Amino acid sequence: PDSLITSYFATMKHVAAYMLAVLGGKENPTAADVKAILASVDAKVDDACLELVIKELGGKNMDAIISEGSKKLVSIGGGGGGGGAAPAAAAAGGAAPAKAAAKEPEPEEDEDMGFSLFD
């Protein structure tokens with residue numbers, strides 16, 4: 001499993017660099033383009049991963065690939081779970097009584113800590 005994770009992240013950095021090249025105006029980035037991006041952040045290049053990325057993404061429209069991938073992510077779902085409390089409270093006892101005008105917190109005074117953060 002550890003080598004699978006390492007391989008996944010190695011491939012993803014190559015995909016990210018490829019897509020950065022596309023965003024930078026290269027319609028069909030070459031291995032040299034991707035290597036230059038990775039070298040700019042001192043990232044190691046795995047030639048086998050890079051060859052696979054070039055082979056799979058070369059000549060394809062990145063906007064179309066992202067759009068297609070986004071549609072697949074919708075079917076996965078995920079996240080959520082954080083919004084259940086408010087409807088449950090409303091169903092249990094009706095609406096909460098309206099509060100008087102919310103009092104704004106007083107602004108904190110700048111305290112002298114004996115030093116300046118910006119000097």
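A residue counts as buried when its relative accessible area is under 20%. By that yardstick, 13% of the 119 residues in this predicted model are buried. The accessible surface of the chain adds up to about 10000 Å², and carbon and sulfur atoms hold 60% of that area.

As for the fold, the chain has five helices and zero strands, so reading from the N terminus simply gives α-α-α-α-α. Contacts tell something about how the chain is put together: taking those with a separation of 6 or more, 57% link residues 24 or more positions apart.

Helix H2, which covers residues 31–40, is a nice place to look at burial, with Asp33, Val34 and Leu38 all buried. Seen down the axis of H2, these buried residues fall within an arc of 130 degrees, so they line one face of the helix. A bit of helix geometry helps here. An α-helix has 3.6 residues a turn, so residues three or four places apart point the same way. On the face of H2 turned away from the buried side sit Ala32 and Ser40, both exposed. After H2 comes Asp42, and its phi is positive, near 55 degrees.

Helix H1, residues 2–23, is home to Met12. Together with Tyr8 and Phe9, Met12 makes up a nonpolar patch on the surface, and the three share about 330 Å² of accessible area. Is Met12 itself buried, exposed or partly exposed? Its relative accessibility is 35%, so Met12 goes down as partly exposed, a label for values between the buried limit of 20% and the exposed limit of 50%.

How values were computed. Residues are numbered from 1 along each chain as its sequence is written. This is a predicted model: local features need pLDDT of at least 70, side-chain atom pairs count only at pLDDT 80 or more; totals for chains, interfaces and linings use all residues. Side-chain values use heavy atoms; hydrogens and water are left out. Buried means under 20% relative accessible area, exposed over 50%, partly exposed in between (1.4 Å probe, protein chains only). Helices (H or I, at least four residues) and strands (E, at least two) are DSSP runs, numbered from the N terminus. The arc is that of the directions from the helix axis to the C-beta atoms. Contact means heavy atoms within 4.5 Å. Accessible areas come from the Shrake-Rupley method with a 1.4 Å probe; for residues, only the protein chains shown count as cover. Patches are made of residues with over 30% relative accessible area and no salt bridge: like charges are joined within 9 Å, nonpolar side chains (Val, Leu, Ile, Met, Phe, Trp, Tyr) within 5 Å. A salt bridge is a side-chain nitrogen of Lys or Arg within 4 Å of a carboxyl oxygen of Asp or Glu.
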